[in-house]
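Visitor: I have a model open in front of me and would like to learn how to read it. Could you walk me through it?

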Amino acid sequence: MVPLYWYLWLGGVVFAIGVFGFLARRNIIIMFLSIELMLNGVNISLVALSHYMQDLRGQILVFFIIAVAAAEAAIGLAIIIAMFRNRDTLHADEMAEMKG
Amino acid sequence: MVEWFFGYLAGAVILLAILVVASRNPVHSVLWMLLMFLHVAGLYLLLNAEFLAATQVIVYAGAILVLFLFVVMLLNLREEIKIRRFTGGWLFKGLTALGIIYVLRRGLEGFRVGFEGPWSIEAVGRATHTRALGQVLFTEYILPFEIASLLLLVAIVGAVFLSKKRLR
């Protein structure tokens, strides 16, 4: 039997890698992928807790997170395409128009 | 045996996550991500959540990542590959990530699993997993379910509106 802590650690490490990627990379697509990494880290923790607490609510939450991630990916990629059409770049630092 | 399987899956997930963040070409990142999602689905199978494993493969690997791949290939990335990958001061950002791990470690020290719910492995096995999940989803969580459907509708309309050409 694998202890619960191992799963929680794994979720935390994946989340931290996602945070690092979001902060350190400037390519917008990779920043988006990092957000998906963070969501997956949380999902692993939720499913593990749901299994070890013998309650299905965690898995329901994962279900909703997957739905929200799909919506977020659709909107975000549409925004990326619109930005690329206007600016011709994917570099996040180039998109500082609203900065004063 | 289960521990070895978990060890393989966990190691692969962490390694692939690092590769996603570190690789230079976004196409490679997306493909590593695909492999990582499949391994996460394996972890769900290990946790007796076979419906979620199927959902993970179908929705994440099948739909979201194909969308990502489409967009990456739609855009012209030749110049993007040549510029520097990481922003300056990535040491600070790495420390931020390590700080999150540290906070998690301190938080997990006092954590104990409290009461146990009604859905033990035997109960889920008797009802089958999909049916058990559906029972909880469509009784207790029916309002969030409807809200999620509305959210997906808004996302469809928003994506179509954002990516269409401006009509003048």
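Guide: Gladly. Begin with the order of elements: from the N terminus on, chain A runs α-α-α, which makes three helices and zero strands. Keep in mind that this is a predicted model.

Visitor: What is the order of the elements in chain B?

Guide: From its N terminus, chain B reads α-α-α-α-α-α-α-α. That is eight helices, again with zero strands.

Visitor: How spread out is chain B beside a compact globule?

Guide: The general idea is to set the radius of gyration against what a rule gives for a globule of that length. Chain B has 168 residues, for which the rule gives 15 Å, but its radius of gyration is 21 Å, so chain B is more spread out than a compact globule. Its C-alpha trace spans about 55 × 45 × 30 Å along the principal axes.

Visitor: And what is the radius of gyration of chain A?

Guide: Chain A has 17 Å, while a compact globule of 100 residues would have one near 13 Å. The C-alpha trace of chain A covers about 50 × 25 × 20 Å along its principal axes.

Visitor: How many of the residues in each chain count as buried?

Guide: A residue counts as buried when its relative accessible area is under 20%. In chain A, 65% of the 100 residues pass that test; in chain B, 36% of the 168 residues do. For the surface itself, chain A has about 3,800 Å² accessible, 68% of it belonging to carbon and sulfur atoms. Chain B exposes about 10,500 Å², and carbon and sulfur atoms supply 72% of that.

Visitor: Where do the two chains meet, and how many residues take part?

Guide: Look at both the residue count and the area. The contact takes 70 residues from chain A and 87 residues from chain B. Between them the chains bury about 7,100 Å², with 79% of this on carbon and sulfur atoms. Val21(B), Leu47(B) and Phe68(B) supply 10% of the area that chain B buries against chain A, more than any other three residues.

Visitor: Could we take a single residue? Is Ser29(B) buried or exposed?

Guide: Ser29(B) is buried, with a relative accessible area of 0%. You will find Ser29(B) in helix H2 of chain B, which covers residues 26-46. To see what surrounds a residue, set aside its neighbours within four places in sequence; Ser29(B) then touches Leu19(B), Val20(B) and Ser23(B), together with Ile30(A) and Leu33(A).

Visitor: Which residues is Leu43(B) in contact with?

Guide: Leu43(B) also lies in helix H2 of chain B, and Leu43(B) is buried at a relative accessible area of 1%. With neighbours within four places left aside, its contacts in chain B are Phe6(B), Leu9(B) and Val13(B), and those in chain A are Tyr7(A), Leu10(A) and Ile44(A). For a sense of distance, the C-alpha atoms of Leu43(B) and Val103(B) are separated by 24 Å, and the two residues are 60 apart along the chain.

Visitor: One more feature, please: how far apart do the centres of the positive and negative side chains lie?

Guide: Find the centre of each set, then compare their places. In chain A, the 6 positive and 7 negative side chains have centres 2 Å apart. In chain B, with 15 positive and 9 negative side chains, the centres lie 18 Å apart.

Terms used:
Residues numbered from 1 in each chain as written. Chains lettered and ligands numbered in written order. Predicted model: local features only at pLDDT ≥ 70, side-chain atom pairs only at ≥ 80, totals over all residues. Heavy atoms only, no water. Helix = DSSP H or I, 4+ residues; strand = E, 2+ residues; numbered from the N terminus. Rg over C-alpha atoms; globule rule 2.2 N^0.38 Å. Buried < 20%, exposed > 50% of the residue type's maximum accessible area, 1.4 Å probe, protein only. Areas by Shrake-Rupley, 256 points an atom, 1.4 Å probe, with all protein chains shown as cover. Lys, Arg positive; Asp, Glu negative; His and termini not counted. Charge placed at Lys NZ, Arg CZ, Asp CG, Glu CD. Contact = heavy atoms within 4.5 Å. Buried area = accessible area lost by both parts, 1.4 Å probe.
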